[in-house]
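User: I have a model open and would like to go through it with you. Can we take it step by step?
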Amino acid sequence: MKKILSGLLITLISLSANASNFVGQLAPDFKLMAQDGEYKSLSNYKNNWLVLYFYPRDDTPGCTTEAKNFRDAYEDFKALNTEIVGVSLDDNDSHKDFSKKYQLPFDILSDTDKKTAKAYKVIGGFGPVKYTKRQTFIIDPQGSIVYHFEKVDADEHSKKVLAKLKQLQKDLL
């Protein structure tokens, strides 16, 4: 009962602070290939908090900054029982190179068919050129979206996500 009430409290707090239609809903599932060649789905991160961040393209200035900042704060996220996962429309070869070049310790998933980006409503583009918008979802251990960052500044984003995650977890106590 305490977990249910705590989850409800987080949802209410998040709804008041964030107008996203996703907050309070179960996160859409996915099955995507990671840079290591393994397929990952939402269940791979079950019982952990999850920072699911979408970004436009590997090895571009903003995306590189965002990934490196998450990398540099990775141990802080792990200390909060949190996994980080990046998603873009780039293919797996691009993700392998990007991950290796910047020594990213977390999964980068390839959404080449755009299904996951569409499910999370982060698909963007100009005419035939499509990309994922830079947005982030915090998902609780039960698989519910508890916060959605719709506007992201790549330079400061990892700090803001970490602060919001700490607040959300503190509110559970």
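Analyst: Helices and strands here are DSSP runs, numbered from the N terminus; a helix takes at least four residues and a strand at least two. Q103, for one, lies in the loop between α4 and β5 (107–110). Keep in mind that this is a predicted model.

User: How many helices and strands does the chain have?
Analyst: The count covers the secondary structure of the chain. It comes to 6 helices and 9 strands.

User: What share of the residues is buried?
Analyst: Buried means under 20% relative accessible area. The chain has 173 residues. The buried share of them is 50%.

User: What share of the exposed area do carbon and sulfur atoms supply?
Analyst: The chain exposes about 9000 Å². Carbon and sulfur atoms supply 52% of that area.

User: In what order do the strands of the open sheet run?
Analyst: The open sheet is formed by 7 strands, and the pairing is mixed. Its edge strands are β2 (39–41) and β9 (145–149), each pairing on one side only. On average, neighbouring strands are turned by 30 degrees against each other, direction ignored. The order is β2-β1-β5-β4-β3-β8-β9.

User: In what sense do β3 and β8 pair, parallel or antiparallel?
Analyst: Strand β3 covers residues 49–54 and strand β8 covers residues 135–139. They pair over 5 bridges. L50 stands opposite I139 in β8. The sense of the pairing is antiparallel.

User: Which strands does helix α6 touch?
Analyst: Helix α2 (residues 61–72) packs on the sheet, touching β3, β4 (82–88) and β8. The direction of α2 makes about 165 degrees with that of β3. Helix α6 (residues 157–172) packs on the sheet too, and its direction makes about 155 degrees with that of β9. The strands touched by α6 are β3, β4, β8 and β9.

User: Which element gives the largest share of the largest nonpolar core?
Analyst: That core has 26 residues; Y53, F70, F77, I84, F106 and I138 have the most contacts inside it. β3, α2, α3 (74–78), β9 and α6 each supply at least two of its residues. The largest share is 4 residues, and they come from α6.

User: Which residues does F106 contact, leaving aside its neighbours within four places in sequence?
Analyst: F106 is among the residues with the most contacts inside the largest core. Two of its partners, Y53 and F70, are on that list as well. Its full set of partners is Q35, Y53, A67, F70, R71, Y74, I84 and G86.

User: How many residues are in the second core?
Analyst: This core is separate from the one just described. F30, L52, L109 and A117 are included in it. Its residue count is 20.

User: Which side chains make polar contacts with the side chain of H95?
Analyst: H95 sits in helix α4 (residues 92–101). H95 is buried because its relative accessible area is 0%. Its side chain has a polar contact of 2.8 Å with one side chain and of 3.4 Å with another. The partners, in that order, are D58 and S110.

User: How far apart in space are Y120 and F137, C-alpha to C-alpha?
Analyst: Y120 is in the loop between α5 (115–119) and β6 (123–126). Its relative accessible area is 0%, so Y120 is buried. F137 is one of the residues that Y120 touches, along with others including F22, P28 and F54. The two are 17 residues apart in sequence, and the C-alpha distance is 9.1 Å.

User: Is N48 buried or exposed?
Analyst: N48 is in the loop between β2 and β3. Its contacts beyond four places in sequence are N81, E83, I139, D140 and P141. Its relative accessibility is 19%, and the cut-off is under 20%, so N48 counts as buried.

User: What is phi of Q103 near?
Analyst: Most residues other than glycine have a negative phi. D59, in the loop between β3 and α2, has a positive phi near 60 degrees. Q103 counts as exposed because its relative accessibility is 63%. Phi of Q103 is positive too, near 50 degrees.

Conventions:
Residues are numbered from 1 along each chain as its sequence is written. This is a predicted model: local features need pLDDT of at least 70, side-chain atom pairs count only at pLDDT 80 or more; totals for chains, interfaces and linings use all residues. Side-chain values use heavy atoms; hydrogens and water are left out. Buried means under 20% relative accessible area, exposed over 50%, partly exposed in between (1.4 Å probe, protein chains only). Accessible areas come from the Shrake-Rupley method with a 1.4 Å probe; for residues, only the protein chains shown count as cover. A polar contact is a pair of N or O atoms within 3.5 Å; within protein, one must be able to donate a hydrogen and the other to accept it, and residues adjacent in sequence count only if both atoms are side-chain atoms. Contact means heavy atoms within 4.5 Å. Two strands pair if DSSP finds at least two bridges between them. Axes are lines fitted to C-alpha atoms, for helices over the stretch in contact, and angles run from 0 to 180 degrees between N-to-C directions. A nonpolar core is a set of buried Ala, Val, Leu, Ile, Met, Phe, Trp, Tyr and Cys residues joined through side-chain atoms within 4.5 Å.
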